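Here are my notes for your first look at this chain. Please keep the structure open as you read the points in order.

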Amino acid sequence: MSKKFFFCASLLVALLSVTGCFKDPEFSPAEIGINPQSISYDKNGGDIPIKLFANREWSVELVSSDSSSKWLSVDMEKGDPMTDSVTVTVTALPNNGEDRYATLNFKTSTLTASLRVSQTGA
């Protein structure tokens, strides 16, 4: 009986020590990052994927130099905390005018990662 007790106690101690090694995302420092940090389109526009990681809830905000910011969009505008990166697709419409520029700010409540976007005109 003492061997069974010792085995069970050892197993319990091992399990408790392993569960203590896992980090609770709520108590880890906030992180957000994108790759790449800038993208460029030709006059035809198109889709460019970027990698995003955020261990907090996040959202995206578009800041454009163009009065009509409808030329640029993202397929995900907000998301939940993650343990691995996700792919976000940024889409630009064709440009028949002047060169244009924008910034996409991926934000948590405390941090921002900025993506610089440019597109040549016709």
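1. **Terms and ground rules.** Helices (H or I, at least four residues) and strands (E, at least two) are DSSP runs, numbered from the N terminus. Two strands pair if DSSP finds at least two bridges between them. This is a predicted model: local features need pLDDT of at least 70, side-chain atom pairs count only at pLDDT 80 or more, and totals for chains, interfaces and linings use all residues. Residues are numbered from 1 along each chain as its sequence is written, and side-chain values use heavy atoms, with hydrogens and water left out.

2. **The hairpin.** Start with β8 and β9. They form a hairpin, with 4 residues between the two strands. Their pairing is antiparallel and runs over 8 bridges. One pair to find is Leu-104 with its bridge partner in β9, Leu-115.

3. **The whole chain.** The chain holds 1 helix and 9 strands. Along the sequence the pattern is α-β-β-β-β-β-β-β-β-β. Of the contacts (heavy atoms within 4.5 Å) between residues at least 6 apart in sequence, 64% join residues at least 24 apart. The chain exposes about 8400 Å², and carbon and sulfur atoms supply 57% of that area. Such areas come from the Shrake-Rupley method with a 1.4 Å probe; for residues, only the protein chains shown count as cover.

4. **The sheet of 5 strands.** The hairpin strands belong to an open sheet with the order β2-β9-β8-β4-β6 and mixed pairing. β2 and β6 (78-79) are its edge strands, and each pairs on one side only. β2 and β9 pair in the parallel sense over 4 bridges. Ser-38 has Arg-116 as its bridge partner in β9. Strands of a sheet pair through backbone hydrogen bonds, either parallel or antiparallel.

5. **Ser-118.** This residue lies in strand β9. Ser-118 is the bridge partner of Ser-40. The side chains of Ser-118 and Ser-40 also make a polar contact, at 2.8 Å. A polar contact is a pair of N or O atoms within 3.5 Å; within protein, one must be able to donate a hydrogen and the other to accept it, and residues adjacent in sequence count only if both atoms are side-chain atoms. Leaving out residues up to four places away in sequence, Ser-118 touches Ile-39, Ser-40, Tyr-41, Arg-100 and Tyr-101.

6. **The sheet of 4 strands.** A second open sheet has the order β1-β3-β7-β5, with antiparallel pairing. Why is one side of β1 and of β5 left without a neighbour in the sheet? Both strands stand at the edges, each with a single partner strand, so one side stays free of a neighbour there. The twist averages 30 degrees from one strand to the next. Here the axes are lines fitted to C-alpha atoms, for helices over the stretch in contact, and angles run from 0 to 180 degrees between N-to-C directions. β1 and β3 are joined by 4 bridges, and Ile-32 has Ala-54 as its bridge partner in β3.

7. **The core.** A nonpolar core is a set of buried Ala, Val, Leu, Ile, Met, Phe, Trp, Tyr and Cys residues joined through side-chain atoms within 4.5 Å. Buried means under 20% relative accessible area, exposed over 50%, partly exposed in between (1.4 Å probe, protein chains only). The largest core has 23 residues; Trp-58, Leu-72, Val-90, Leu-104, Phe-106 and Leu-115 touch the most other members. Strands that each supply at least two residues include β1 (32-35), β4 (58-64) and β7 (86-92). β3 gives the largest share, 4 residues. Over the chain of 122 residues, 27% are buried.

8. **Asn-95.** Look in the loop between β7 and β8. Buried or exposed: which is Asn-95? It counts as buried, at 3% relative accessibility. A polar atom of the Asn-95 side chain lies 2.9 Å from the backbone nitrogen of Gly-97.

9. **A cis bond.** Most residues other than glycine have a negative phi, and most peptide bonds are trans. The peptide bond from Asn-35 to Pro-36 is cis, with omega near 0 degrees. Pro-36 sits in the loop between β1 and β2.
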